[in-house]
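Q: I'd like a close look at one part of this model, the surroundings of its bound molecule. Could you walk me through it?

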Amino acid sequence: MTSPMVLGIETSCDETGIGIVSGGELLANEIASSVDEHARFGGVVPEIASRSHLEAIEPALRRACGTAGITLDDVDAIAVTAGPGLVGALIVGVATGKALSAALGVPIYGVNHLASHVVVDELQHGPLPDPTVGLLVSGGHSSLLLVADDVASISPLGQTLDDAAGEAFDKVARLLGLPFPGGPWIDKVAADGDPAAIAFPRGLTGPGDCERYPYDFSFSGLKTAVARWVAAREAAGESIPIADVAASVQEAIADVLTARTVAACRDHGVDHVVLGGGVAANSRLRAMAEQRCEAAGISLRVPRPELCTDNGAMVAALGARLVASGVPASPLDFPTTSHLPVTQRSW
Ligand code: KG4
Ligand code: ZN
């Protein structure tokens, strides 16, 4: 039997993604982003995101089929992000997926966005080792996950207590007058800065914190520290060394993320790490994770940057996994939800 052709639809935030996967192979990964329309507001505006998905989804679907060299009649199963995310944005993808499922007479899987961010690496590096610690860092989430039982079980070890890592990058970038989304800008500007220029705080590393919150993160104190540092310089009439601030902030974020990931592996006897989510595209995080994992004897897998940020391939990858594992399809009336626990891979 040939491998099932799985179409993945992603519309949880500001990227309209259509991915097509068959037999572990990525055949198409079309992305239309509305990020430019949000830039002047300094953050994603849900209404604008929903409208943009509506405009972009059908052309993206056509382009994806064209790239993969298939027609919709070749699709064997649909996977669509059901949550977590912006509900109005999710509804566009879910309604499209349900319509396709009904019209084509193929099963549909309403899947978890966070689980997709973890599983996407399989498209590049093959099946995930069992067990693996996942560091999922995006604009909305920062979590350490224990991925076990051949990806059937994804359980949270820790998470951010306040801002997500991507949110911290975006807020600091805004303070420095850099465009939205700020993460890629901080990454770029930091290349010319000194990461040791300013000792910004590492959240939850004070006395007692490591015992109480061994695998959690906190980034709101970092954002406040940067705001104070910048305000003090401005009050003194000094110019702001943007590259040094960016490099020092990036260092602080990469430091806590990688230190806790290695600690989670050590404490749980796990030798494998996978990174996922938009922040996993950060060059310093990737380099530091590589160094620290190598020093600790841990194998590290990081998907290429376009698979880290939101895309349809990751949804198709999870859908293909569910089909291959014989997981029952979702009922056609499954809901969209802004808060879907990472433990629930699909409806
Ligand atoms: O996974 P993603 O595309 O969307 C969410 O599900 O949130 O992640 C978007 C986040 C944004 O906060 C963006 O600034 C951040 O990922 N990001 C980066 C980089 N590329 C994207 N942060 C730091 N360095 C980067 N190179
Ligand atoms: Zn995401």
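Which residue has a polar backbone atom 2.8 Å from an oxygen atom of ligand 1?

A: Happy to. This is a predicted model, in which local features need pLDDT of at least 70 and side-chain atom pairs count only at pLDDT 80 or more, while totals for chains, interfaces and linings use all residues. Residues are numbered from 1 along each chain as its sequence is written, chains are lettered from A and ligands numbered from 1 in the order written, and side-chain values use heavy atoms, with hydrogens and water left out.

The residue you are after is Gly-139, whose polar backbone atom lies 2.8 Å from an oxygen atom of ligand 1. This is a polar contact, a pair of N or O atoms within 3.5 Å (within protein, one must be able to donate a hydrogen and the other to accept it, and residues adjacent in sequence count only if both atoms are side-chain atoms). Gly-278 also offers a polar backbone atom, 3.0 Å from an oxygen atom of ligand 1. Asn-282 uses its side chain instead: a polar atom there is 3.0 Å from a nitrogen atom of the ligand. On its own, ligand 1 has 560 Å² of accessible area (Shrake-Rupley method, 1.4 Å probe), and the protein covers 89% of it.

As for the setting, ligand 1 sits in the largest pocket. A pocket here is an open set of points on a 1 Å grid over the protein atoms alone, where a 1.4 Å probe fits, with protein on both sides within 12 Å along at least five of seven lines; to sit in it, a molecule needs more than half of its atoms within 2 Å of the grid points. Helix H4 (113-119), helix H6 (165-175) and helix H7 (182-190) are the elements that each give two or more residues to the shell around ligand 1; helices are DSSP runs (H or I) of at least four residues, numbered from the N terminus.

Now for the shell itself. Around ligand 1 there are 19 residues, each with a heavy atom within 4 Å. Those that come nearest are Gly-139, Asp-170, Asp-187, Gly-278 and Asn-282. By type, the shell has eleven polar residues, five nonpolar and three charged. In this scheme Asp, Glu, Lys and Arg are charged, Ala, Val, Leu, Ile, Met, Phe, Trp, Tyr, Cys and Pro are nonpolar, and the others are polar, Gly among them. That is why Gly-139 and Gly-278 belong with the polar residues, while Asp-170 and Asp-187 belong with the charged ones.

Definitions and conventions. 1 Å grid on protein atoms, 1.4 Å probe; cavity = no way out; pocket = protein on both sides within 12 Å on 5 of 7 lines; lining within 4 Å.
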